[in-house]
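Morning, everyone. Please bring up the model on your screens, and we'll walk through a helix contact and then a strand.

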Amino acid sequence: MSKKDESKKLGKNGVDMGERGVYDKRNTLNELTGKEWVFFTNSVWITGYSPTAKENVGLKYRKIHPSPKPPALMRDIIEFFTKSDGKIFDPFCGVGGTLLGTAMAGGQREAVGIELEKKYIEAYEQVCEAENIQRMTMIQDDSANMLSHPEVAGTEFDLVIADPPYSDMMAKERTGQRKKLYNDSSPMPYTCEAADLGNMSLEEFYNALRHIMELSFTRLKSRGYMVVFCKDFQPQPGSPNLLHADIVRELSKIDGLVYRGMRIWHDQAMSLFPFGYPYSFVMNQIHQYILIFRKER
Ligand SMILES: C[S@@+](CC[C@H](N)C(=O)[O-])C[C@H]1O[C@@H](n2cnc3c(N)ncnc32)[C@H](O)[C@@H]1O
């Protein structure tokens with residue numbers, strides 16, 4: 001291509017990034033090219049991080065947690081919703097998927113996380129130590145107290161990522177295939193704390209989640225994004241249990257927070273089980289919803 005054709009293609013704002021595509025200098029959200037941006041906007045996101053892949057760094061320590069997120073997944077979310085000096089907040093940070101993803105995304109990005117359970121924080125610290133990964137700020141507390149911590153109260157965040165427990169789903173007694181799958185029927189909650197959203201009834205859960213997200217919203221910059229993970233419950237007679245729709249409705253009550261769409265994430269590492277066989281259809285729910293909101297003021 002001649003120099004003239006090339007500059008016509010780039011326009012006055014385009015920067016040729018080679019294989020990565022063309023970066024538009026007016027991009028205020030992230031440092032991605034158009035090609036990379038389009039990839040992230042696909043509403044279906046299929047990943048396949050093997051337990052030993054470097055993208056699943058430190059799983060050996062993190063697997064004490066019932067549902068750790070792959071750090072590479074969090075890195076990709078962080079790279080889309082922040083510039084390289086972005087600040088990220090996670091009010092339910094578990095064994096640190098978001099914090100590790102922030103370190104993997106690099107630049108001068110920094111993250112602050114809050115987690116109720118000490119042993120999860122220690123597992124995160126072990127990963128950082130063993131893998132020589134930059135350690136972010138992790139606070140042990142109930143997120144409802146977030147504003148009493150200067151690391152949260154004194155920071156304006158570019159992105160909030162929340163991966164809350166889903167009501168008392170984790171604490172429910174296992175039956176049928178679930179019992180066989182886990183090899184026992186005992187409940188496995190994240191913690192034994194009353195403040196753990198995973199130990200609350202559905203109604204208490206919605207109120208507590210909205211409250212924590214409302215507090216997080218006060219620390220989010222104008223036009224910043226809030227990303228919430230969730231999974232539906234199995235439908236029951238009288239209740240479709242579409243948790244993702246209920247969470248969108250609940251969080252839309254926060255004045256100025258606007259729902260902007262979702263990605264459906266499927267991790268291919270998940271196995272299928274013959275739930276319900278041979279009597280009735282019981283779904284194998286192997287996807288999660290990544291709900292995306294923006295502070296519109
Ligand atoms: C789904 S897990 C998050 C997993 C995390 N994304 C990771 O990669 O490890 C939810 C976490 O929220 C914590 N949690 C529940 N209620 C909380 C609260 N009120 N304040 C802070 N953490 C809470 C639980 O202990 C649990 O570790």
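Start with two helices, α9 and α10: they lie oblique to each other. Keep in mind that this is a predicted model. Why oblique? The angle between α9 and α10 is about 50°, and oblique covers angles that are not under 35 degrees, not over 145 and not 65 to 115, so this pair falls in that class. To find them, look at residues 202-218 for α9 and residues 243-251 for α10. Their axes sit 10 Å apart. The crossing of α9 past α10 is right-handed.

Which residues make the contact? From α9, we have L202, F205, Y206, L209, R210 and M213. From α10, it's L243, D246, I247, E250 and L251. Now sort those by character. Nonpolar residues number 8, charged ones 3, and there are no polar ones.

Next, the strand. Go to β7, residues 157-162. Is β7 buried or exposed? Buried: that holds for 6 of its 6 residues, so the rest of the structure largely encloses this strand.

Who are its partners? One is β4, residues 87-90. β4 and β7 run parallel, with 2 bridges between them. Look for I88, which stands opposite L159 in β7.

The other one to look at is β8, residues 220-230. β8 is also parallel to β7, and 5 bridges join the two. Here, find A162: its bridge partner in β8 is V228.

To recap: α9 and α10 pack obliquely, and β7 is a buried strand that pairs with β4 and with β8. Thanks.

Conventions: Residues are numbered from 1 along each chain as its sequence is written. This is a predicted model: local features need pLDDT of at least 70, side-chain atom pairs count only at pLDDT 80 or more; totals for chains, interfaces and linings use all residues. Side-chain values use heavy atoms; hydrogens and water are left out. Axes are lines fitted to C-alpha atoms, for helices over the stretch in contact, and angles run from 0 to 180 degrees between N-to-C directions. Helices (H or I, at least four residues) and strands (E, at least two) are DSSP runs, numbered from the N terminus. A crossing is left-handed if the near helix is turned anticlockwise from the far one by less than a right angle, and right-handed if clockwise. Contact means heavy atoms within 4.5 Å. Ala, Val, Leu, Ile, Met, Phe, Trp, Tyr, Cys and Pro count as nonpolar, Asp, Glu, Lys and Arg as charged, and the others, Gly among them, as polar. Buried means under 20% relative accessible area, exposed over 50%, partly exposed in between (1.4 Å probe, protein chains only). Two strands pair if DSSP finds at least two bridges between them.
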